[in-house]
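Q: I am new to this structure. Please take a close look at its aromatic rings, then show me how their surroundings fit together.

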Amino acid sequence: MYNFVVVKTYALPPVDKKEALRYAGCKQADNEVFELLSVCAREVEQIVSPRVCFARFSTEALLQAFPKSKLLALRLKDCQQAVVFAATIGLETDRRILQNESQSIAKALLFQALGAERIESLCNAFCKEIENGLPRFSPGFGDFPLQAQKWIFQTLGVTKNIGVTLNESLLMTPTKSVTAIVPIKG
C-alpha cells in the first residue's frame with residue numbers, strides 16, 4: 001500500500017516580508033509597521049520548528065481510501081503514485097499569537113501572518129523536492145473530504161512523528177500545520 005513514513009526537519013529561507021504583509025491584509029506598510037514586522041519576523045525565525053512527515057502511496061490505494069472524491073480521481077489521473085504529507089512549524093508561534101492578543105493586537109496579527117508565511121514556505125520547500133510533483137491539494141478542497149485528515153493522521157502517525165494533533169472538529173494543533181497530497185506525474 002505505501003512505503004515507510006519519513007520524517008524531515010527543515011531550515012527555511014528567510015521570511016518573505018511582502019508575503020507576510022499580504023497575509024496580514026496590509027496593502028501598504030509605513031516605517032512603523034515594517035519595523036514591527038521585522039522585529040516579529042526575527043522572533044518567528046528563532047522559534048519555528050519546521051517538520052514534515054510523509055509517505056508515497058499508489059494512486060490505487062488512495063482511490064480505494066477515498067472512492068467518492070471526483071477531484072482526487074481527476075488530480076491522480078495519469079499518475080502512478082502520490083506523496084501524502086503533514087507539515088508543521090511547531091507550537092511556539094501559536095503561543096506567541098495568544099500572548100500578544102491581550103497586549104498588542106498588531107503583533108498578534110503579524111505573528112499570525114508570519115506563521116502563515118512560514119508554513120507555506122515549508123510546504124513549498126517540501127514540494128519542490130518531489131520529482132515530477134504536481135500542485136498539492138488538501139483535505140477540504142473541492143469534494144476531497146476534510147475527514148481525509150483522520151486517515152492521513154492515522155496512516156502517517158502524524159501526532160507521534162511531528163507532534164500535531166487533530167481534534168474532533170478536524171482542526172489541527174499547532175494551527176500552522178497542513179496536510180496535503182502531491183500527485184506525481186509519470
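A:
**The aromatic pairs**

The count of aromatic pairs comes to six in this predicted model. One of them is formed by Phe66 and Trp151. This pair is edge-to-face. The ring centres lie 5.3 Å apart, and the planes meet at 80°. An angle over 60 degrees counts as edge-to-face, so the 80° of Phe66 and Trp151 fits that label. Where do the two partners sit? Phe66 is in the loop between helix 3 (59-65) and helix 4 (70-76), while Trp151 belongs to helix 7. The two parts are 85 residues apart in sequence, so the pair ties them together.

Are these two rings buried or exposed? Phe66 has a relative accessible area of 9% and is buried. Trp151 stands at 17%. Buried means under 20%, so Trp151 counts as buried too.

Another pair is Phe137 with Phe144. Here the centres are 5.5 Å apart and the planes stand at 65°. That angle makes this pair edge-to-face, too. Phe137 and Phe144 are both buried.

Now step back to the group. Ring pairs join Phe57, Phe66, Phe137, Phe144 and Trp151 into a cluster.

One other ring has a charged neighbour. Arg22 lies over the face of Tyr23. The distance to the ring centre is 4.8 Å.

**Two nonpolar cores**

Next, the cores. The largest nonpolar core holds 32 residues. Val52, Phe85, Leu114, Leu122 and Phe126 have the most contacts inside it. Several elements supply at least two residues each: helix 1 (17-23), helix 2, strand 2 (51-58), strand 3 (79-88), helix 6 and strand 6. Helix 6 gives the largest share, nine residues.

A second core is separate and has 23 residues. Among its members are Phe57, Phe66, Ala86 and Phe153. Phe57 and Phe66 also belong to the ring cluster.

**Gln149 in helix 7**

Back to helix 7, the home of Trp151. This helix covers residues 148-156 and also holds Gln149. How exposed is Gln149? Its relative accessible area is 4%, which means that Gln149 is buried, since the limit is 20%. The side chain of Gln149 has a polar partner in the side chain of Thr179, at 2.8 Å. Neighbours within four places in sequence aside, Gln149 is in contact with Pro139, Leu166, Leu170, Met172 and Thr179.

**Backbone points in the loops**

One of those contacts deserves a second look. Leu170 lies in the loop between strand 4 (165-166) and strand 5. Its phi is near 70°, a positive value in a residue that is not glycine. Most residues other than glycine have a negative phi. Leu170 is buried, at 9% relative accessibility.

Asn132 also has a positive phi, about 60°, and is not a glycine either. This residue sits in the loop between helix 6 (105-128) and helix 7. Is Asn132 buried or exposed? Its relative accessibility is 52%. Exposed means over 50%, so Asn132 counts as exposed.

A further loop holds a cis peptide bond. The bond joins Thr173 and Pro174, with omega about 0°. Pro174 is in the loop between strand 5 (172-173) and strand 6 (177-185). Most peptide bonds are trans.

**Ser38 and Lys17**

Ser38 is part of helix 2 (residues 31-47). With 7% relative accessibility, Ser38 counts as buried. Ser38 and Lys17 are 21 residues apart along the chain. Their C-alpha atoms are separated by 7.9 Å.

**The cysteines**

How many disulfides are there? The count is zero. Why is Cys79 not bonded? The closest cysteine sulfur to that of Cys79 belongs to Cys127 and is 14 Å away, too far for a bond. Cys79 is buried, with 5% relative accessible area. Cys127 is in no disulfide either. For Cys127, the nearest cysteine sulfur is that of Cys123, 6.3 Å away. A disulfide needs sulfur atoms within 2.5 Å, so the 6.3 Å of this pair does not qualify. Cys127 is buried as well, at 16%.

How values were computed. Residues are numbered from 1 along each chain as its sequence is written. Side-chain values use heavy atoms; hydrogens and water are left out. Helices (H or I, at least four residues) and strands (E, at least two) are DSSP runs, numbered from the N terminus. Buried means under 20% relative accessible area, exposed over 50%, partly exposed in between (1.4 Å probe, protein chains only). A polar contact is a pair of N or O atoms within 3.5 Å; within protein, one must be able to donate a hydrogen and the other to accept it, and residues adjacent in sequence count only if both atoms are side-chain atoms. Contact means heavy atoms within 4.5 Å. Rings of Phe, Tyr and Trp (its six-membered ring) pair if their centres lie within 6.5 Å; planes under 30 degrees apart count as stacked, over 60 as edge-to-face and the rest as tilted. A charge sits over a ring if NZ of Lys or CZ of Arg is within 6 Å of the ring centre and within 35 degrees of the ring normal. A nonpolar core is a set of buried Ala, Val, Leu, Ile, Met, Phe, Trp, Tyr and Cys residues joined through side-chain atoms within 4.5 Å.
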